[in-house]
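Please load the model in your viewer, with a cartoon for the backbone and sticks ready for side chains. The stops below are meant to be selected one after another.

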Amino acid sequence: MIDFRYHLVSLIAVFLAVALGIVIGTTQLNQPILNDIESQVSALEQDKRSLEDQTQQLQAELATAESFQEAVATPLVDGTLTDRNVLLLPTNESVTSETIEEIGGLVSDAGGSVSGVVRLEPEYSDPATATALQSYVTGPGLPAGIQLPEDGDAAALVASLLAQVLVTPPGGPAPDTATVSSVLAGLSSLDVLAVEGASVTQADHVVVLTGSGFTGEDAERRNAALVELVTALDGRGAGAVVAGDQESAEGNGLIGTVRADPALAAAISTVDNVRTLVGRISTVLALGQESRGTSGMYGTGEDAQPVPPVPVAAP
């Protein structure tokens with residue numbers, strides 16, 4: 001007969017053997033795993049150092065490129081807008097004062113002058129504002145001499161009104177400053193635009209500054225209102241340029257909308273990298289091309305040229 005002590009000793013021996021096997025097996029497996037982890041960590045550290053070196057090199061190259069752009073900006077645009085007046089028209093809250101000032105500085109370097117800054121408020125393109133705008137443009141308060149289309153919605157009528165007030169047709173007479181002030185004051189009272197600066201006078205060219213596109217159910221109608229305005233401004237004067245960022249060149253952005261229409265893309269110049277110095281230089285050069293009757297797509301977007309043609313200096 002096998003007694004209980006024999007069973008107890010046997011069970012203890014089995015458990016000891018299992019525990020010893022686990023310890024030995026774990027020790028044998030852990031070392032290769034540990035070696036592999038250490039190797040991966042070492043490789044990641046080398047990759048990190050390599051990326052840091054690449055980042056520093058790219059930052060140095062970018063600083064050099066920006067210094068070069070700053071050095072050549074004035075010579076590139078010099079004389080392209082001699083005796084031309086340019087209106088700056090931000091249509092988006094994301095357009096910063098810095099961008100406006102820097103473009104204005106390049107306009108001056110090009111021999112032109114900024115006739116004023118008029119910022120469109122979100123209410124301008126809001127369908128809910130259409131009734132109030134319709135009442136204003138069809139009411140008795142407009143200055144004499146303004147001729148609006150006989151038909152058209154509020155967006156088309158306001159676009160025509162602003163084009164007549166803000167832009168001088170080539171060879172045509174310009175309305176007096178009282179007319180300009182009256183219309184801008186009337187539209188300002190409706191909270192659809194705001195005049196930034198002391199005064200606004202008529203311009204030969206307009207730079208329409210834009211940002212990210214509209215969203216929501218009324219996005220298409222909002223874009224359509226801005227397209228009406230850009231088209232009216234471009235057709236009235238010596239040419240308009242729509243300048244914005246990469247987001248504005250997407251399908252729901254103003255630049256994207258203009259570029260998607262072959263007729264508009266052929267008539268109105270667009271620049272999709274205005275946040276960069278090269279984009280601001282392109283904006284001013286594009287104005288010069290517009291005065292020659294040439295429009296184009298410039299920037300980094302699909303089918304866009306990097307920069308407009310640079311005028312050849314006179315010998």
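**Unusual backbone angles**

Begin by selecting Asp-303, which lies in the segment after β7. In this predicted model, Asp-303 has a positive phi of about 65° although it is not a glycine. Most residues other than glycine have a negative phi. Asp-303 is also exposed, with a relative accessible area of 63%.

Move next to Asp-191, which sits in the loop between α5 (177–189) and β3, and whose phi, near 65°, is likewise a positive value in a residue other than glycine. Asp-191 is partly exposed, and its relative accessible area is 48%.

**The sheet, strand by strand**

Now select the strands together: seven of them form an open sheet with mixed pairing, and their order across the sheet is β3-β2-β1-β4-β5-β6-β7. The edges are taken by β3 (193–196) and β7 (297–298), each of which has a single partner strand, so that one side of each is left without a neighbour in the sheet. Strands of a sheet pair through backbone hydrogen bonds, either parallel or antiparallel.

Which residues of β4 are buried on each of its faces? Colour His-205, Val-207 and Leu-209 on one side, and Val-206 and Val-208 on the other, since both faces of β4 are covered and these residues are all buried. Five of the five residues of β4 are therefore buried, and the strand is largely enclosed by the rest of the structure.

With β4 (residues 205–209) still selected, add its partners in turn. Strand β1 (residues 85–90) pairs with β4 in the parallel sense over five bridges, and within that pairing the bridge partner of Pro-90 is Leu-209 in β4. Strand β5 pairs with β4, also in the parallel sense, over four bridges; here Val-208 stands opposite Val-242 in β5, while Leu-209 has Ala-243 in β5 as its bridge partner.

Continue to β5 (residues 240–243), which pairs with β6 (residues 269–271) in the parallel sense over three bridges, and where Val-241 stands opposite Ser-269 in β6. The side chains of β5 can be shown as two sets, with Ala-240 and Val-242 pointing one way and Val-241 and Ala-243 the other way, and all of them are buried.

**Two helices with a buried side**

Select helix α2 (residues 97–109) and place a distance between its end C-alpha atoms: they are 18 Å apart, which agrees with the 18 Å that its 13 residues should span at 1.5 Å a residue. The buried residues of α2 are Thr-99, Ile-100, Ile-103, Gly-104, Leu-106 and Val-107. Looking down the axis of α2, you will find these buried residues within an arc of 160°, so they line one face of the helix. The face turned away from that buried side carries the exposed residues Glu-98 and Glu-101. After α2 comes Gly-111, with a positive phi near 95°.

In helix α3, select Leu-133, Tyr-136 and Val-137, which are its buried residues. They cover an arc of only 90° around the axis, which puts them on the same side of α3. On the other side of α3, Thr-131 and Thr-138 are exposed.

**Empty space: a pocket and a cavity**

Rolling a probe the size of a water molecule over the atoms shows where empty space is left. The largest pocket has a volume of about 250 Å³. It is lined by 15 residues, and to centre the view you can select Ala-130, Asp-153, Ala-155, Arg-221 and Ala-225, which lie nearest the centre of the pocket. Two or more lining residues come from each of α3 (130–138), α4 (154–166) and α6 (219–236), and α6 gives the most, with five residues. By class, this pocket lining has nine nonpolar, one polar and five charged residues.

How many cavities of 30 Å³ or more does a search of the whole structure find? The search finds one, and about 60 Å³ of space lies in this largest cavity. To show its lining, select Thr-91, Asn-92, Thr-210, Gly-211, Ser-212, Gly-213, Phe-214, Asn-223, Leu-226, Gly-253 and Leu-254. The residues lining the largest cavity divide into three nonpolar, eight polar and no charged.

Technical notes
Residues numbered from 1 in each chain as written. Predicted model: local features only at pLDDT ≥ 70, side-chain atom pairs only at ≥ 80, totals over all residues. Heavy atoms only, no water. Expected span 1.5 Å × (residues − 1). Buried < 20%, exposed > 50% of the residue type's maximum accessible area, 1.4 Å probe, protein only. Arc of directions from axis to C-beta. 1 Å grid on protein atoms, 1.4 Å probe; cavity = no way out; pocket = protein on both sides within 12 Å on 5 of 7 lines; lining within 4 Å. Points joined across faces, edges and corners; volume = space filled by probe spheres on them. Nonpolar A, V, L, I, M, F, W, Y, C, P; charged D, E, K, R; others polar. Pairing = 2+ DSSP bridges.
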